[in-house]
Amino acid sequence: GINIDTYRWALSIIYSRAVGFERGDAGYIRIIPPIIDMANHNPDISESETFSYDITTDTINLVNTVSRQSDDECYAYYGDYCNAKLAYSYGFVIPHRSYKAVDLWTNLSSSSYQANNKYQLLQSFQLTKEQTYDFKGTIRSNYVSPALLATIRVIQIINEDEMGNVNNAFIGKIVSVRNELATYTALKGLITSRMKIENAESEKRQLGEMLLNDVNPNDRELIALVIKVEERELLQETLPLIDSWIDRLNRDGESYDPPDYIQ
């Protein structure tokens with residue numbers, strides 16, 4: 001019979017081995033192609049060197065754009081994913097990845113000024129309607145998503161004058177100098193809270209020891225530590241970026257253009 005362990009195994013096979021593509025009128029489908037599904041991910045190969053679907057022959061191909069010798073491994077390119085996505089969908093991580101992303105959001109408190117109106121506004125704009133956890137990252141290297149900034153701007157509104165400028169929040173304009181400063185301060189607090197600085201040194205040291213001792217790369221603790229340490233590094237790198245925005249805001253005042261300003 002089928003039990004929960006069998007179900008989990010089957011689901012893990014689908015997530016880690018299925019190939020998704022657009023199949024003409026059939027739309028987007030996922031299948032597990034024999035042999036091809038065994039190709040390992042390599043983030044250092046060309047994006048063109050990967051799975052492809054030929055609609056004329058209705059076939060899936062594994063394309064290699066460089067010459068291979070006998071017994072050389074043929075890789076695939078799953079996508080430009082952070083380690084959290086690789087772990088979630090495929091069950092592995094790649095330590096020291098240059099590409100990092102964190103899905104970081106904040107919620108509107110019921111005690112916030114005009115909380116109901118703010119909620120309706122956030123729901124009425126496509127930019128902030130859904131808080132997605134899709135591993136694309138609201139925070140990446142030198143980047144904070146417009147959706148996260150807009151959400152915090154709306155949350156930080158405290159009076160009628162700022163509420164009158166609320167639409168600015170969704171197009172990368174300041175609601176007020178005070179509001180923009182409060183937004184960056186709140187974002188720094190959100191990041192610092194997520195970092196769990198008190199665990200930073202011990203987790204980094206533990207990860208270094210595990211990598212030095214060649215711990216099985218499929219070890220769950222190792223996978224979790226790689227994600228934690230690399231996400232914390234990204235968040236740490238983001239704090240000086242926000243400080244640079246604060247410096248420009250203090251310098252430019254009302255003429256300040258936020259990083260998500262839409263020309």
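**A walk from a loop to the hollows**

Let's start at K196, which sits in the loop between α6 (177-195) and α7 (helices, H or I and at least four residues, and strands, E and at least two, are DSSP runs numbered from the N terminus). You're looking at a predicted model, where local features need pLDDT of at least 70, side-chain atom pairs count only at pLDDT 80 or more, and totals for chains, interfaces and linings use all residues. Residues are numbered from 1 along each chain as its sequence is written, and side-chain values use heavy atoms, leaving out hydrogens and water.

Back to K196: its phi is positive, about 50°, although K196 is not a glycine. K196 is partly exposed, with a relative accessible area of 44% (buried is under 20%, exposed over 50%, partly exposed in between, using a 1.4 Å probe and protein chains only). H96 is another non-glycine residue with a positive phi, near 65°. You'll find H96 in the loop between α2 and β5 (101-102), and H96 is exposed, at 68% relative accessible area.

Now step onto helix α7, which runs over residues 200-212 and has 13 residues. Which of its residues are buried? They are A200, E203, L207 and M210. These residues cover an arc of only 105° around the axis, so they sit on the same side of α7 (the arc is that of the directions from the helix axis to the C-beta atoms). An α-helix has 3.6 residues a turn, so residues three or four places apart point the same way. What do the buried residues of α7 pack against? Their partner is α8. Turn to the other side of α7 and you meet E201, R205 and L212, which are exposed. Just after α7, D214 takes a positive phi of about 55°.

Next stop is A84, in helix α2. A84 is buried, with a relative accessible area of 15%. Setting aside neighbours within four places in sequence, A84 is in contact with F135, I227 and E231 (contact means heavy atoms within 4.5 Å). Here's a nice one: A84 and I227 are 143 residues apart in sequence, but 6.0 Å apart in space, C-alpha to C-alpha.

A84 and I227 also turn up in the lining of the largest cavity, along with residues including C82, Y99 and E230. On a 1 Å grid over the protein atoms alone, a cavity is a set of points where a 1.4 Å probe fits but cannot get out, while a pocket is an open set with protein on both sides within 12 Å along at least five of seven lines; lining residues have an atom within 4 Å of a point. The structure holds 1 cavity of 30 Å³ or more, and about 50 Å³ of space lies in the largest cavity (grid points are joined across faces, edges and corners, and a volume is the space filled by probe spheres set on the points). Helix α8 (220-252) gives the largest share of that lining, 3 residues.

Finally, the pockets. The largest pocket has a volume of about 480 Å³. Of the 25 residues lining the largest pocket, G20, F51, Y78, Y81 and Y90 are the closest to its centre. The second largest pocket comes to about 390 Å³, and Y90 is among its lining residues too. Helix α2 supplies the largest share of that second lining, 4 residues.

Notes: The expected span of a helix is 1.5 Å times one less than its number of residues.
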